[in-house]
Amino acid sequence: MIVLTPEQNAIVYLMFLNGTLFLGLHFIAFSFVNYGGKKSKRIGYALLTTVFLVAVIQQEYEAMAQLNFIDDSIRKILLGGFVAPVFLLSIVFYRFRRSRIENEPDKSV
C-alpha cells in the first residue's frame, strides 16, 4: 500500500483544484462569448461558477501556503501564471471558433 506524505497530498490536491479551475474558466469564457440571448440562463450559471471558482482559488492559496510558498509569489503564480492566461486564451479560442462557425458556408444544400 502506498502512503503519500502531506506534501504529496497537497500537490495532488492542487492538481485536482487546477483541473477544476481550468474547466470552470473555460465554461465562463464560453458563456461570455456565446451568451445565448435574453432568455438564456448561461450568464447566470457563469456567475455562479465564478463564485465557486473563487472558493477554489482560496483553497489553492491555502494549499500553496501549506507548502511554504511566499504569499507574494502565490498571488503571482495563481493569478498571473494560471487564471489570467487561461481565461484570456479561452476567450480568444471561443471568439475564433465562433467566427469560423459564423463565416462557414452552408454545406447542407
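Helices (DSSP runs of H or I, at least four residues) and strands (runs of E, at least two residues) are numbered from the N terminus. The model shown in these close-up views is predicted, and local features need pLDDT of at least 70, side-chain atom pairs count only at pLDDT 80 or more, while totals for chains, interfaces and linings use all residues. Residues are numbered from 1 along each chain as its sequence is written, and side-chain values use heavy atoms, with hydrogens and water left out.

**View 1. Helix α1, residues 6–33, and its buried residues.** Helix α1 has 28 residues, which at 1.5 Å a residue should span 40 Å, and its end C-alpha atoms are indeed 40 Å apart; the expected span is 1.5 Å times one less than the number of residues. Among the buried residues of α1 are A10, L14, L17, T20 and L21, where buried means under 20% relative accessible area, exposed over 50%, and partly exposed in between, for a 1.4 Å probe and protein chains only. Further along α1, the buried residues include G24, L25, H26, I28, A29, S31 and V33. The partners against which the buried residues of α1 pack are α2 (42–66) and α3 (71–103).

**View 2. Helix α2 and the loop residue N68 that comes after it.** The 25 residues of α2 should span 36 Å at 1.5 Å a residue, and this agrees with the 36 Å between its end C-alpha atoms. Buried in α2 are A46, T49, L53, V56, E60, A63 and M64, and what covers the buried residues of this helix includes α1 and α3. Following α2 is N68, which belongs to the loop between α2 and α3. The phi angle of N68 is near 70°, a positive value in a residue other than glycine. N68 counts as exposed because its relative accessibility is 67%.

**View 3. The packing of α2 against α3.** These two helices pack at an angle of about 135°, with their axes 10 Å apart, the axes being lines fitted to C-alpha atoms, for helices over the stretch in contact, and the angles running from 0 to 180 degrees between N-to-C directions. That angle makes α2 oblique to α3, since angles under 35 degrees count as roughly parallel, over 145 as roughly antiparallel, 65 to 115 as roughly perpendicular and the rest as oblique. On the α2 side the contact is made by I57, E60, Y61, M64 and A65, and on the α3 side by D71, I74, R75, I77, L78 and V83, with contact meaning heavy atoms within 4.5 Å. The crossing of α2 past α3 is right-handed; a crossing is right-handed if the near helix is turned clockwise from the far one by less than a right angle, and left-handed if anticlockwise. Within α2, I57 is partly exposed, with a relative accessible area of 21%. Leaving aside residues up to four places away in sequence, I57 touches L21, L78 and V83.

**View 4. The packing of α1 against α3, with S90 picked out.** Here the helices meet at an angle of about 40°, and their axes lie 8 Å apart. That makes α1 oblique to α3, and α1 passes α3 in a right-handed crossing. The residues of α1 that take part include N18, L21, F22, L25 and H26, while those of α3 include F82, V83, V86, F87 and S90. S90, in helix α3, is buried, with a relative accessible area of 2%. Apart from residues up to four places away in sequence, S90 touches L25, H26 and A29. Although S90 and V33 are 57 residues apart in sequence, their C-alpha atoms are 9.7 Å apart in space.

**View 5. The 2 salt bridges of the structure.** A salt bridge is a side-chain nitrogen of Lys or Arg within 4 Å of a carboxyl oxygen of Asp or Glu. In one of them, the side chains of D72 and K76 meet with an N to O distance of 3.4 Å. D72 and K76 both lie in helix α3, 4 residues apart, which is about one turn of the helix. D72 counts as partly exposed at 41% relative accessibility, whereas K76, at 55%, counts as exposed. Another salt bridge joins E102 and R98, whose closest N and O atoms are 3.1 Å apart. This pair also lies in helix α3, with 4 residues, or about one turn of the helix, between E102 and R98. E102 is exposed, with a relative accessible area of 55%, while R98 is partly exposed at 27%.
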